[in-house]
Amino acid sequence: MTRAFSPRTLADALRVLGDPDLAAVPLAGGTDLMVGLHTRAAPAAVVDVSRLSELRGVRLDGAVLDVGAAVTFAELGRDPLVLRHAPMLAQAARQVGAWQIQNRATLGGNIGTASPAGDSLPVLLALGAELECASTRGSRRVASASLHRGYRQLALERDELIVRVRLPRRRRDAVQVFRKVGTRAAQAVSKVVVAFTFARDAARLRDVRLAAGSVAPTPVRLVDAEQACEGARPSAALAAEVAALARAGVSPIDDVRSTAAYRRWVVGRLVERLILDVVI
Amino acid sequence: MDADITLTVNGATVRFVGDPLTRLLDVLRGQLGLTGAKEGCGEGECGACTVWLDDEPVCACLVPMLQLEGRVVRTVEGLASARLTALQQAFVSEGAVQCGACTPGMLMSAEALLVREPRPTEAAIRTHLAGNVCRCTGYQAIVRAVQRAAVKPTRAPAARPRVGAKPTVKAPRANSAPAKKRRPRRSPR
């Protein structure tokens with residue numbers, strides 16, 4: 001039988017996670033872990049981190065929006081600070097699963113599960129998020145850009161817990177857009193997700209960041225497409241060029257939800273439409 | 001090691017002792033005999049097991065008992081008292097039930113929406129019911145039932161109260177929002 005720990009403090013939780021004999025895994029909203037019980041053996045031990053105050057709440061820390069890892073998607077989707085300073089994260093949160101899932105699932109859990117189809121992950125990449133992770137050895141910050149090592153593999157130690165997610169505050173002139181394509185609007189694992197942010201300098205694009213999910217073993221930044229946009233004047237020709245670069249920047253697969261060809265086509269189409277509809 | 005958890009279900013104190021990862025759904029249906037919440041998919045996708053956890057709709061198939069110490073759960077059995085709620089009556093009146101497997105979950109999501117938004121738009125109704133799958137009705141009658149149960153929108157003068165109709169006040173419940181008026185019958189199109 002699985003052993004359960006419900007620590008009251010982060011320090012206690014880290015001690016449990018740091019004990020190799022316990023082999024404990026963190027539990028927050030349970031929307032991944034509980035589904036996993038259908039196909040995997042139950043973990044030897046779980047640590048309930050969902051109510052640790054250190055993992056809760058959203059606050060401003062200078063130029064950084066500091067989001068607790070156990071903040072739920074429902075909370076993200078309505079939080080005034082998130083809506084103002086990282087609107088793309090709120091947009092994504094409102095499209096994860098459905099209401100029942102958003103009430104339980106957490107940002108930290110989405111990161112920790114590390115599915116290539118995790119809807120929040122391209123948002124974190126595009127925004128340049130930094131994770132604050134803790135263990136009994138101390139805490140450190142990990143850039144989202146260096147987080148994903150491979151399919152469902154993170155650059156975190158087994159005993160490290162994601163505590164906070166730190167996002168640069170949106171600059172006043174920055175536009176953020178999230179797009180998701182799935183079989184239906186709710187409760188469908190995404191076929192393609194795109195997170196896009198940009199600003200304007202006179203008529204030219206600048207500070208362009210573009211990331212995609214469900215189109216590679218990990219969420220990916222589409223760097224070539226970003227560079228084509230940087231300093232360019234938006235046009236239909238630019239949209240077509242950037243779409244081609246986006247398609248070249250992904251490595252999707254055929255699976256039960258979609259095909260590689262469809263995903264590759266749609267990621268380009270989403271990027272093209274973002275430039276034609278949102279930028280121009 | 002057994003978990004020993006005390007929680008509140010439909011106003012009653014309940015104690016659970018057992019595997020900490022036991023699903024709330026199994027305790028409701030097996031230990032407590034509350035079979036309103038249904039297991040459809042067991043993966044949080046169909047919404048047939050929707051219950052309220054501290055007033056928020058959740059899938060009972062994804063909630064492990066270990067997280068429920070001191071928490072408050074309400075199931076569809078805890079919605080009605082002696083008589084049907086306005087929402088339940090509206091489901092009957094609109095024919096929003098066919099096989100009925102999704103209905104308890106639909107009611108819990110829709111009632112939670114009405115508590116928060118007494119006059120939801122159709123878009124809001126559809127968004128908040130998107131996690132509840134129905135394979136029979138095609139959803140139209142369900143959406144109409146929620147609209148019927150909602151307070152009459154002040155900006156929609158088309159639906160006038162019938163002469164002599166009195167607003168129906170719902171029976172107060174332990175953790176419900178202020179009582180709502182039942183929406184008068186809609187005028188024919």
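Read along the sequence, chain B runs β-β-α-β-β-β-α-α-α-α, giving five helices and five strands; these are DSSP runs, with helices being H or I over at least four residues and strands E over at least two, numbered from the N terminus. The model is a predicted one, so local features need pLDDT of at least 70 and side-chain atom pairs pLDDT 80 or more, while totals for chains, interfaces and linings use all residues. Residues are numbered from 1 along each chain as its sequence is written, and chains are lettered from A and ligands numbered from 1 in the order in which they are written.

Of the 189 residues in chain B, 45% come out as buried, that is, with 20 or more other C-beta atoms (placed from the backbone) within 10 Å of their own; 12 or fewer would make a residue exposed, and anything in between partly exposed. As for contacts (C-beta atoms within 7 Å, again placed from the backbone), 61% of those in chain B between residues at least 6 apart in sequence join residues at least 24 apart.

Chain B splits into domain 1 (3-78) and domain 2 (81-189), with bounds from an automatic or database domain assignment. Across the split, 15 residues of domain 1 touch 13 of domain 2. On the domain 1 side, strand β3 (residues 50-53) gives the largest share, three residues. By class, that side has eight nonpolar, five polar and two charged residues; here Ala, Val, Leu, Ile, Met, Phe, Trp, Tyr, Cys and Pro count as nonpolar, Asp, Glu, Lys and Arg as charged, and the others, Gly among them, as polar.

Helix α1 (residues 24-31) of chain B has Leu24(B), Leu25(B), Val27(B) and Leu28(B) buried. Their cover includes β2 (12-18) and β5 (72-74) of chain B. After α1(B) comes Gly33(B), with a positive phi near 70 degrees.

Further along, the axes of α2 (residues 86-93) and α3 (residues 103-116) of chain B come within 10 Å and cross at roughly 130 degrees. Axes are lines fitted to C-alpha atoms over the stretch in contact, with angles from 0 to 180 degrees between N-to-C directions. α2(B) and α3(B) are therefore oblique to each other, as angles under 35 degrees count as roughly parallel, over 145 as roughly antiparallel, 65 to 115 as roughly perpendicular and the rest as oblique. Leu87(B), Gln88(B) and Phe91(B) of α2(B) meet α3(B) residues including Leu107(B) and Leu114(B). The contact residues divide into five nonpolar, two polar and one charged.

Definitions and conventions:
Two residues are in contact if their C-beta atoms, placed from the backbone, lie within 7 Å.
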